[in-house]
Amino acid sequence: MNNVNKINRMYNLVLSGGGVKGIAFSGAYEVVEKNGYTFGNIAGVSAGAIAGSLIAAGYKAQDLKEILAGLDFGRIKMEDIPKLVSVVADFVEWRSQNRKDNNSVIDFLSKSRRRSNEYESENPDINFRGDIIKNVSLYSKEGCLFDGDYLEEWIYSNLLKKGIKTFGDLRGGIVDSCNPNGYRARFLAVDATRRKALVLPDDIEFYQINPDKLEVAKAIRMSASVPFAFKSVEISIGSGRNRKVYNIVDGGVFDNYPIWMVGDDNKLKTLGFSLDGDEKKKFFSLDTPLNILKSLISAVHDIGIPKTKNYENKFLAKIATGNVSSLDFNLTEEDKEYLFNQGKSAAAVLIGKIEFNGRLRYARFRRYPLR
């Protein structure tokens with residue numbers, strides 16, 4: 001038997017957020033699939049939740065490429081952004097009054113806001129003063145580029161082709177301390193009202209919903225509700241005076257690469273792919289409504305405290321995505337092919353390292369067998 005076949009090729013998988021750049025995951029998956037790797041538990045956020053759900057549903061790499069490349073939100077007209085996304089117009093006015101520099105978006109999002117009567121009556125215990133997360137939630141409620149219906153219906157139809165509707169259909173993962181119910185795929189979102197990270201479907205019980213009954217497409221919509229780009233998802237509990245409304249937004253607000261969502265006690269190692277291989281935290285020149293929007297979205301991501309401290313048995317790759325932004329909804333075919341190939345390149349390097357290390361360990365074991 002070839003020594004290579006001695007290497008265990010079942011891993012956990014973690015996929016980061018990254019908007020339209022998620023097409024790169026299909027390139028990474030092609031390399032992973034070609035080398036015979038399979039996955040026990042999958043965790044993802046935003047774009048990673050979309051790709052992770054399709055992989056968990058059983059789609060092959062070529063299918064994944066076609067599906068992700070086919071997601072089309074339509075062209076964004078620059079002049080429509082301030083009208084659709086009220087936070088952009090408010091920022092322009094605030095900046096003109098305060099004469100702030102490009103780093104001022106955090107100051108702007110931290111400022112005290114006056115609550116709407118409707119929202120105040122629904123949530124009388126909420127104080128928005130100086131609270132970025134809750135200000136983000138309120139702004140997302142007031143205006144966004146897309147309402148998210150198209151995204152939810154699109155992923156719903158693609159999952160249904162594989163017989164996946166609810167998380168009950170995604171049982172069959174590996175039970176461990178992080179995944180006590182053994183779901184094949186789980187996704188990260190944020191309850192902006194309570195300022196809490198939500199692992200879906202597990203944490204949906206708080207809202208009196210059975211995790212097995214939660215639609216996977218609805219969870220993905222929550223995980224991918226990028227503030228200001230997509231309308232937040234509302235979940236209400238109770239009625240009348242006892243009614244409470246909770247706003248759920250993109251999990252990347254707290255952690256855009258939730259490696260901690262897969263356990264270290266299920267005896268599998270972890271592969272992880274993130275979409276920031278050549279990026280640092282960007283500050284965009286605030287010369288256009290689109291750049292203002294990009295700057296605001298960039299400012300409200302990864303503002304939580306990463307929970308992962310132990311990277312043992314985790315093999316992570318950063319996919320370089322060049323100048324492609326997560327909000328570049330008008331990607332050309334060349335852009336899509338570029339992202340796909342960048343995913344392939346990053347995965348090939350990572351898999352090469354894993355295979356080499358595996359052969360090296362096997363050779364050492366054969367030379368120095370345990371007694």
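A helix in these notes is a DSSP run of H or I with at least four residues, numbered from the N terminus. I needed that to look up what surrounds the largest cavity, where α1 gives the most to the lining, with four residues. The model I'm looking at is predicted.

**Entry 1: the cavity**

I counted the cavities of 30 Å³ or more and got one. The volume of the largest cavity comes out at about 40 Å³. Which residues line the largest cavity? I wrote down L13, L15, F25, A28, Y29, V32, F39, I55 and F273. Both β1 (10-15) and α1 supply at least two residues of that lining. Sorted by class, the lining has nine nonpolar residues, with no polar and no charged ones.

**Entry 2: aromatic pairs**

Next I went through the rings. I noted 13 aromatic pairs in the structure. One of them is Y29 with F39, whose ring centres are 6.5 Å apart with the planes at 35°, so I filed this pair as tilted. Y29 sits in helix α1 (residues 23-34) and F39 in strand β2 (residues 38-45), so the pair ties together parts that are 10 residues apart in sequence. I checked burial for both partners: Y29 is buried at a relative accessible area of 11%, and F39 is also buried, at 15%. Both residues turned up in the cavity lining as well.

My other close look was at F206 and Y207, an edge-to-face pair with 5.0 Å between centres and 85° between planes. Is each partner buried or partly exposed? F206 is partly exposed at 40% relative accessibility, while Y207 is buried at 3%.

I also traced a cluster: ring pairs link F91, W94, F108 and Y139.

**Entry 3: charges over rings**

Back to F206, since its ring has another neighbour. The charged end of R194 sits over that ring, 3.6 Å from its centre. I found a lysine case too, with K162 over the face of Y59 at 5.0 Å from the ring centre.

**Entry 4: strand β3**

Why did I write β3 down as largely enclosed by the rest of the structure? Seven of the seven residues of this strand (185-191) are buried, so the label fits. Burial here means under 20% relative accessible area. I then sorted the residues by side. In a regular strand the side chains alternate between the two faces of the sheet. For β3, one side carries A185, F187, A189 and D191, the other R186, L188 and V190, and all are buried, leaving both faces covered.

Then I listed the strands that pair with β3:

- β2 runs parallel to β3, with four bridges joining them; I42 has A185 as its bridge partner.
- β4 (residues 196-200) runs antiparallel to β3, with five bridges; L188 has V199 as its bridge partner.
- β6 (residues 244-250) runs antiparallel to β3, with three bridges; here D191 stands opposite I248.

I looked at the connection from β3 to β4 separately. The two strands form a hairpin with four residues between them, and R195 in the turn has a positive phi of about 55°.

**Entry 5: odd backbone spots**

Where does the cis peptide bond fall? I found it from L200 to P201, with omega near 15°. P201 is in the loop between β4 and α10.

Q208 is in the loop between β4 and α10 too. I noted its phi as positive, about 65°, although Q208 is not a glycine. Q208 is exposed, with a relative accessible area of 66%.

S46 also has a positive phi without being a glycine, at about 55°. I placed S46 in the loop between β2 and α2 (47-57). Unlike the exposed Q208, S46 is buried, at 4% relative accessibility.

**Entry 6: a buried loop residue**

Last, I looked up F230, which lies in the loop between α10 (216-223) and β5 (233-237). Is F230 buried or exposed? At 7% relative accessibility, I count F230 as buried. I also took its spacing to V249: 19 residues in sequence, and 8.6 Å in space from C-alpha to C-alpha.

Notes
Residues are numbered from 1 along each chain as its sequence is written. This is a predicted model: local features need pLDDT of at least 70, side-chain atom pairs count only at pLDDT 80 or more; totals for chains, interfaces and linings use all residues. Side-chain values use heavy atoms; hydrogens and water are left out. Rings of Phe, Tyr and Trp (its six-membered ring) pair if their centres lie within 6.5 Å; planes under 30 degrees apart count as stacked, over 60 as edge-to-face and the rest as tilted. Buried means under 20% relative accessible area, exposed over 50%, partly exposed in between (1.4 Å probe, protein chains only). A charge sits over a ring if NZ of Lys or CZ of Arg is within 6 Å of the ring centre and within 35 degrees of the ring normal. Two strands pair if DSSP finds at least two bridges between them. On a 1 Å grid over the protein atoms alone, a cavity is a set of points where a 1.4 Å probe fits but cannot get out, and a pocket is an open set with protein on both sides within 12 Å along at least five of seven lines; lining residues have an atom within 4 Å of a point. Grid points are joined across faces, edges and corners, and a volume is the space filled by probe spheres set on the points. Ala, Val, Leu, Ile, Met, Phe, Trp, Tyr, Cys and Pro count as nonpolar, Asp, Glu, Lys and Arg as charged, and the others, Gly among them, as polar.
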